[in-house]
Amino acid sequence: MVAVRCSQIGISVLAILFSIVSISSGASGQEGRRTKAKWPLVHVPDPIANYLMGEVLEKASGLLAEPGCGRVLTDFRDQKGKPLADRLVAMDVDIRTYVTMIVFIDDSRHPHCASGAVAFTEPGGRVVRLCVDRLKEAWAKDRTFTLAVVIHELLHTLGLGENPPSSDPQPRG
């Protein structure tokens, strides 16, 4: 009799846990769909990394839209010497819209990922390649660093070269 009751309790507990997991999965599935709807050009099969990229892109685009952080768009120049903001003007978009136009893909098998990169692109390119495992590790350790990496890559897509000159007009001696 005790064994029967324990097994019935066990089945009830499993049923409750299954219900909770199902409800949670449904919620995260909806969250994933919301991320996909907001950021349709994020092509990352890993659901955690996909959600994380939605969070990072939301924060990055918000920061770049603020006057303080957004100064990098006028302070930094592309390889032709033009302010990065000029590319946005030429495309007739603001920075938030521009970020939604960039493609993000999982390129975890690329050699750059094996050498420790979190993300990479080419100046002026429209595709940012992600090293998903490194991205998730970086986010878990230091979200500010991860955000800085993504902003760095976004600036490259606007034409910023690697190792850009300082935005400080005063030479240091």
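## Helix H8 and its two sides

Let's start with helix H8, which spans residues 132-141 and has Val-132, Leu-135, Ala-138 and Trp-139 as its buried residues. Looking down the axis of H8, these buried residues fall within an arc of 125°, so they line one face of the helix. An α-helix has 3.6 residues a turn, so residues three or four places apart point the same way. This is a predicted model, and what follows should be read in that light.

The other side of H8 carries Asp-133, Ala-140 and Lys-141, which are exposed. And what covers the buried residues? The cover includes helix H2 (47-65), strand S2, strand S4 (127-130) and helix H9 (143-157).

## The sheet

Two of those covering elements, S2 and S4, also belong to an open sheet of 4 strands with mixed pairing, in the order S1-S2-S4-S3. At the edges stand S1 (42-43) and S3 (119-120); each has a single partner strand, so one side of each is left without a neighbour in the sheet.

Taking the pairs in sheet order, S1 and S2 (residues 103-106) run parallel and are joined by 2 bridges, with His-43 standing opposite Ile-105 in S2. S2 and S4 are also parallel, pairing over 4 bridges, and here the bridge partner of Phe-104 is Val-128 in S4. S3 and S4 run antiparallel, joined by 2 bridges, and Phe-120 stands opposite Arg-129 in S4.

## A hairpin and the faces of S4

The antiparallel pair makes a hairpin: 6 residues lie between S3 and S4, and Gly-124 in the turn has a positive phi of about 85°. S4 itself has a covered face, made of Val-128 and Leu-130, and an uncovered one, made of Val-127 and Arg-129. Val-128, on the covered face, is the residue that bridges to Phe-104, while Arg-129, on the uncovered face, is the one opposite Phe-120.

## The nonpolar core

Which residues have the most contacts inside the largest nonpolar core? In this core of 37 residues, they are Met-53, Leu-57, Ile-95, Phe-104, Leu-154 and Leu-158. The elements giving two or more residues to the core are H2, helix H5 (84-91), helix H6 (95-100), S4, H8 and H9. H2 supplies the largest share, 7 residues.

Leu-154 is a good residue to select in your viewer. Leaving aside its neighbours within four places in sequence, Leu-154 is in contact with Ala-60, Leu-64, Tyr-98, Val-99, Ile-102 and Phe-104.

## The largest pocket

The largest pocket holds about 240 Å³ of space. It has a lining of 18 residues, and those nearest its centre are His-112, Phe-120, Thr-121, Glu-122 and Glu-153. S3, S4 and H9 are the elements that give two or more residues to this lining, and H9 gives the most, with 5 residues. H9 therefore appears in three places: in the cover of the buried residues of H8, in the largest nonpolar core and in the lining of the largest pocket.

## His-110 and Arg-129

One last stop is His-110, in the loop between S2 and helix H7 (111-114). Is His-110 buried or partly exposed? With a relative accessible area of 26%, His-110 is partly exposed. The C-alpha atoms of His-110 and Arg-129 are separated by 8.9 Å, with the two residues 19 apart along the chain. Arg-129 is the residue met earlier on the uncovered face of S4.

Notes
Residues numbered from 1 in each chain as written. Predicted model: local features only at pLDDT ≥ 70, side-chain atom pairs only at ≥ 80, totals over all residues. Heavy atoms only, no water. Pairing = 2+ DSSP bridges. Buried < 20%, exposed > 50% of the residue type's maximum accessible area, 1.4 Å probe, protein only. Arc of directions from axis to C-beta. Contact = heavy atoms within 4.5 Å. Core = buried A, V, L, I, M, F, W, Y, C linked by side-chain atoms within 4.5 Å. 1 Å grid on protein atoms, 1.4 Å probe; cavity = no way out; pocket = protein on both sides within 12 Å on 5 of 7 lines; lining within 4 Å. Points joined across faces, edges and corners; volume = space filled by probe spheres on them.
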